[in-house]
Amino acid sequence: MSEGRCSVALMSSTAAPAKEANATGPKAMELVLVKEQNGVQLTNSTLLNPPQSPTEAQDRETWSKKADFLLSVIGFAVDLANVWRFPYLCYKNGGGAFLVPYLFFMVVAGVPLFYMELALGQFNREGAAGVWKICPILRGVGYAVILISLYIGFFYNVIIAWALHYLFSSFTAELPWTHCNHTWNSPRCSDARAPNASAGTNGTLRTTPAAEYFERGVLHLHESHGLDDLGPPRWQLTSCLVLVIALLYFSLWKGVKTSGKVVWITATMPYVVLFALLLRGITLPGAVDGIRAYLSVDFHRLCEASVWIDAAIQICFSLGVGLGVLIAFSSYNKFTNNCYRDAIITTSVNSLTSFSSGFVVFSFLGYMAQKHSVPIGDVAKDGPGLIFIIYPEALATLPLSSVWAVVFFVMLLTLGIDSAMGGMESVITGLADEFQLLHRHRELFTLLVVLATFLLSLFCVTNGGIYVFTLLDHFAAGTSILFGVLMEVIGVAWFYGVWQFSDDIKQMTGRRPSLYWRLCWKFVSPCFLLFVVVVSIATFRPPHYGAYVFPEWANALGWAIAASSMSVVPIYAAYKLCSLPGSSREKLAYAITPETEHERVDSGEVRQFTLTFLIRCWILLMPCMSSHF
């Protein structure tokens with residue numbers, strides 16, 4: 001019977017930890033020897049870790065299909081910047097050589113951060129703020145990224161409105177940016193671009209019809225003298241903005257059930273159009289020269305710090321981390337979804353799209369350069385100028401120009417819509433999960449969010465709206481995003497713990513992340529983000545638009561906008577510490593301990609304060625036989 005007593009003791013010792021385990025893993029049957037009697041072994045079975053999510057009782061809705069989720073994430077991550085930003089950076093920073101730092105930072109920082117956000121949202125099944133029940137003191141990080149997403153909506157929707165305006169203007173026999181015979185044209189307008197076309201006979205600067213159509217025909221910039229002279233909203237752009245807001249509302253009002261259907265069009269249409277434009281572009285004279293300029297390799301540029309800085313910043317912004325969108329989208333996944341595979345697929349599609357769009361862009365830029373006998377550097381630019389001035393000018397010279405213009409601006413419209421949908425979903429899901437009143441009235445809350453973005457976007461469709469747009473673009477979505485991601489990875493990797501986070505992923509996927517991912521989350525990604533934050537501040541340059549230099553008060557306002565989101569993190573942390581009971585040590589213990597483990601604080605056990613927790617951090621540095629890449 002001594003053997004039986006030992007077996008009972010073993011059963012007791014193994015059953016206790018099973019109660020503490022998070023009941024979210026796959027099914028596992030444990031057979032425990034109880035005793036041996038008359039040569040017969042008696043066993044007891046225990047069902048460990050039944051597969052249900054921590055918040056299954058909330059009956060959270062999920063994506064109708066796995067493809068709905070993937071297309072939503074791809075549609076959000078692949079946006080207008082993939083067309084106007086990456087190809088220009090590649091050309092400016094050594095052509096194909098730029099891919100070296102870009103892919104390096106993608107592997108060591110971009111994909112790990114993307115993977116982390118998908119896993120964080122899927123396990124906790126809440127929005128950007130709610131996931132911080134894993135470390136309550138950092139819930140302010142969630143509110144900060146929600147605020148940033150709201151700021152971005154104020155000006156990003158305006159880009160879609162511009163594209164919609166151009167789309168409507170394309171349904172004509174002759175595109176309105178082809179000649180200088182319109183009421184908005186100035187005496188400086190010139191139909192021909194030549195080597196000396198930048199200056200007229202009297203030394204005045206000359207402009208193209210496409211440039212004047214954008215700045216004078218659409219924006220009416222000539223009727224404003226700066227930020228202190230915005231003027232009224234233009235009714236044409238306001239009408240386009242109303243249509244954009246209406247489209248966003250009816251795509252989001254029912255949650256992922258409606259948005260998951262919309263992305264089947266908005267996420268796939270750009271690829272069809274890009275392929276059609278590529279086929280047309282490579283047949284144009286000069287296209288080969290443009291593509292050669294895009295891919296020309298200059299490895300000496302890798303010795304310049306600016307090339308690596310551009311690659312690092314591009315990685316942060318192109319993947320869309322730090323906006324709460326990936327967390328919100330993945331929170332609607334099934335608990336056992338393979339988020340690791342999703343991260344690899346979507347980041348790969350994003351990078352391939354950026355790279356392939358360069359062939360489309362530079363085939364047309366090479367054509368423009370040859371047509372006007374100018375170097376490619378004279379026509380290559382990034383930002384709105386590329387897609388609203390250079391590209392329309394190139395399309396206007398083609399046969400069936402109106403058809404190609406319609407195709408191109410439909411692509412811009414779909415690229416922008418699904419990215420805007422992602423930003424709005426981050427705000428809606430993040431706040432609705434925090435406040436049940438908003439959750440119960442999601443349709444009304446969605447309406448209030450899109451109306452708020454519409455009202456503040458009106459400043460961007462005034463005569464001087466481009467100045468407001470530039471200010472918001474420069475400050476609202478710059479350093480503040482990088483700071484938010486930095487705090488996010490510190491909170492997950494250091495406060496919550498990579499070891500615990502890896503356990504969470506194992507419960508979802510059945511497999512613990514390899515040593516590579518744990519090292520990236522713990523050390524590489526925080527160091528990378530800290531580097532990018534410091535560089536973005538050290539290399540700060542005040543915004544400008546053309547010859548207009550923003551006044552000092554505008555720069556102060558911009559920094560106030562950036563600080564308003566970043567300051568939420570320390571303000572909420574201070575509030576949390578002050579609102580908790582107990583001594584200073586107890587307050588800190590409750591603040592950094594996951595809400596599901598607060599009973600351990602009551603019993604005096606805080607794993608973040610234990611030596612075991614510190615030892616586990618160092619174990620990550622030790623290669624072991626079971627670790628694999």
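**Figure 1. The lining of the second largest cavity mixes residue classes.** In this predicted model, four nonpolar, three polar and two charged residues line the second largest cavity. The residues to pick out are S72, L252, S259, V263, F329, D418, M421, G422 and E425. The space enclosed here is about 40 Å³, and the count of cavities of 30 Å³ or more comes to two. Which helix gives the largest share of the lining? That is α17, with four residues. Helices α9 (256–266) and α17 each supply at least two residues of this lining.

**Figure 2. Helix α9 and what covers its buried residues.** Stay with α9 for a moment, since this helix was just met at the cavity. Its buried residues are V256, T258, S259, G260, V263 and T266. Two of these names, S259 and V263, also appear in the lining of the second largest cavity. What covers the buried residues of α9? The cover includes the helices α2 (66–77), α8 (235–252), α10 and α17.

**Figure 3. Helices α10 and α17 pack against each other.** Two packed helices are described by the angle between their axes and the distance between the axes. For α10 (residues 269–281) and α17 (residues 401–432), the angle is about 145° and the axes lie 9 Å apart. The crossing in which α10 passes α17 is left-handed. From α10, the contact draws on M269, P270, V273, L274, A276, L277 and R280; from α17, on W404, V407, F408, V410, M411, T414 and L415. Sorted by class, this contact has twelve nonpolar residues, one polar and one charged. An α-helix has 3.6 residues a turn, so residues three or four places apart point the same way. With that spacing in mind, you may enjoy tracing M269, V273 and L277 along α10, then W404, V407 and M411 along α17.

**Figure 4. Helix α7 is mostly covered.** Of the ten residues in α7 (residues 209–218), eight are buried. How does the list read? The buried residues are P209, A210, A211, E212, Y213, F214, G217 and V218. Elements covering them include α6 (139–169), α8, α16 (384–395) and β3 (544–545), so this view brings in both helices and a strand from the four strands of the chain, alongside its 27 helices.

**Figure 5. Two loop residues with positive phi, H220 and L400.** Most residues other than glycine have a negative phi, and most peptide bonds are trans. H220 has a positive phi, near 55°, and this residue follows α7, in the loop between α7 and α8. Is H220 buried or exposed? H220 counts as buried because its relative accessibility is 13%, under the 20% cut-off. L400 also has a positive phi near 55°, and its place is the loop between α16 and α17. L400, however, counts as exposed because its relative accessibility is 64%, over the 50% cut-off.

**Figure 6. F317 meets residues from far along the sequence.** F317 sits in helix α12 (residues 305–318). Which residues does F317 contact, once its neighbours within four places in sequence are left aside? They are A477, G478, I481 and L482. In sequence, F317 and G478 are 161 residues apart, yet the C-alpha to C-alpha distance is 8.7 Å. F317 is partly exposed, as its relative accessible area is 33%, between the 20% and 50% cut-offs.

**Figure 7. P570 and V141, a pair separated by a long stretch of sequence.** P570 belongs to helix α24 (residues 568–579). P570 and V141 are 429 residues apart in sequence, while their C-alpha atoms are 8.9 Å apart in space. At 45% relative accessibility, P570 counts as partly exposed.

**Figure 8. The whole chain, for orientation.** The close-ups above all come from a chain of 629 residues, of which 56% are buried. The chain holds 27 helices and four strands. Taking contacts between residues at least 6 apart in sequence, 80% join residues at least 24 apart. The contact of F317 with G478, across 161 residues of sequence, is one to look for here.

Conventions: Residues are numbered from 1 along each chain as its sequence is written. This is a predicted model: local features need pLDDT of at least 70, side-chain atom pairs count only at pLDDT 80 or more; totals for chains, interfaces and linings use all residues. Side-chain values use heavy atoms; hydrogens and water are left out. Axes are lines fitted to C-alpha atoms, for helices over the stretch in contact, and angles run from 0 to 180 degrees between N-to-C directions. A crossing is left-handed if the near helix is turned anticlockwise from the far one by less than a right angle, and right-handed if clockwise. Contact means heavy atoms within 4.5 Å. Ala, Val, Leu, Ile, Met, Phe, Trp, Tyr, Cys and Pro count as nonpolar, Asp, Glu, Lys and Arg as charged, and the others, Gly among them, as polar. On a 1 Å grid over the protein atoms alone, a cavity is a set of points where a 1.4 Å probe fits but cannot get out, and a pocket is an open set with protein on both sides within 12 Å along at least five of seven lines; lining residues have an atom within 4 Å of a point. Grid points are joined across faces, edges and corners, and a volume is the space filled by probe spheres set on the points. Buried means under 20% relative accessible area, exposed over 50%, partly exposed in between (1.4 Å probe, protein chains only).
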